[in-house]
Amino acid sequence: MAELLYLYGVAPAGKNNEAFSDLMGIDGEHPLFTIGFEDCMAVVCRLDESDYGEEIIEKKTKELDWIQEKAFHHHETLLKLRERTNIVPMKLFTIYQSQNRLSDVVQAHREDWNELLTEIAGKEEWNLKIYCDPNRLRGNIEKNHPDVLKKREDIAGMSQGMQYLQKKKLDGWIDQVVEEEQLTFSKQMHDTWNGWADRFMEKKIWKKDVTGKTEEMSWNGAYLISSENVETFLELVTEANDRHRESGWKIEVTGPWPAYHFVTLAKSEV
Amino acid sequence: MSHREQYENKEIALIDILDTVLDKGVAIQGDIVISIAGIDLVYLDLRILVSAVETLVAEEKDPLTSKKLKEEMEALSHVTK
């Protein structure tokens, strides 16, 4: 039966081939092993072509629960690998027909691997998201914003018809302030955090139907941080959470992730 | 408890994992080309899957199995019908 190779990532050379054999591969049958090259090694597992051939995978990718299960495995395995070695993580489902093909690809990128591995050595990726309860934020602004209070006072002295129109206008203006406040707050938080990070990547802000949360996401970013700065970085997050919770802000941190967001290759394909 | 311990390997939402492993990481040409109809479509379909409670604890002994996912998926699609 033909065998395929599933590539998890590329790590610096120096471990024996069985170093990760306690970890089970993506099919739940074949353990992980490494293929050494001069200065790096590929972390892989075997797959039976009869179960993971192109056509079969093509069909399987229509099953969301299957994708999710595999995505979770890929993620979990790379988390474990990351604890044991510096590693450049691959995208889900990076599969080769033979060891020769894999060798060609890894060899072709030798310089890239070394550069990337040096860049991310001793660093950790942490992802941060800021969520906001817009109602609470709005409530605060309505109650405390000096311009709102002033405008409301002005309106109170107007004729009834005018009051109606101006109140509507004020509502629209408050909406705007809420939006601006979300941007300002996020920017301010990001600037503080970014001061402790080596690199940063802004991510898409997800709508509520994607996050499934009642709060609105107002910031989504990935930060690459030197291990010795992580504690300070996280302390800042905790402080910010404590200080701004009452006003409707929540900061969510996940990590350490493999450096997924910071491993772009110069040449995109072989 | 250090701040690190407080946050490390905690609750990672499925959507976060999917977004990252499908879209990030090194994309080199594998021999088997997987087309998951674009990440946006995955997001679209996820609407019936993702709920506020559906977060994974990465260190959980019993990770979300496909059976459990299937049940959740069915339950959620009922709700969204």
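# A guided tour of chain A and its neighbour

Begin with chain A as a whole, where, among contacts between residues at least 6 apart in sequence, 74% join residues at least 24 apart; two residues are in contact if their C-beta atoms, placed from the backbone, lie within 7 Å. What you have open is a predicted model, in which local features need pLDDT of at least 70 and side-chain atom pairs count only at pLDDT 80 or more, while totals for chains, interfaces and linings use all residues. Residues are numbered from 1 along each chain as its sequence is written, and chains are lettered from A and ligands numbered from 1 in the order in which they are written.

**Stay with chain A.** Turn it along its principal axes, and the C-alpha trace spans about 85 × 45 × 30 Å. Chain A has a radius of gyration of 25 Å, whereas a compact globule of 270 residues would have one near 18 Å; this radius is taken over C-alpha atoms, and the globule rule is 2.2 Å times the number of residues to the power 0.38. Colour by secondary structure to find ten helices and nine strands in chain A, where helices (H or I, at least four residues) and strands (E, at least two) are DSSP runs numbered from the N terminus.

**Select residues 3-121, then 124-262.** These are domain 1 and domain 2 of chain A, with bounds that come from an automatic or database domain assignment. Their C-alpha centres lie 38 Å apart, and the contact takes five residues from domain 1 and six residues from domain 2.

**Select A:V105.** This residue lies in helix 4 (residues 99-108) of chain A. Is A:V105 buried or exposed? The answer lies in between, because A:V105 has 19 other C-beta atoms within 10 Å and is therefore partly exposed; a residue is buried with 20 or more such atoms within 10 Å of its own C-beta, exposed with 12 or fewer, and partly exposed in between, with C-beta atoms placed from the backbone.

**Finally, select helix 3 (residues 64-84) of chain A and helix 2 (residues 14-23) of chain B.** Their axes, which are lines fitted to C-alpha atoms over the stretch in contact, with angles running from 0 to 180 degrees between N-to-C directions, come within 9 Å and cross at roughly 75°. Helix 3 of chain A and helix 2 of chain B are therefore roughly perpendicular to each other, a term for angles of 65 to 115 degrees. Show the side chains of A:Q68, A:A71, A:F72, A:H74 and A:H75 on helix 3 of chain A, and of B:L14, B:I17, B:L18, B:V21 and B:L22 on helix 2 of chain B, since these residues make the contact.

Terms used. Angles under 35 degrees count as roughly parallel, over 145 as roughly antiparallel, 65 to 115 as roughly perpendicular and the rest as oblique.
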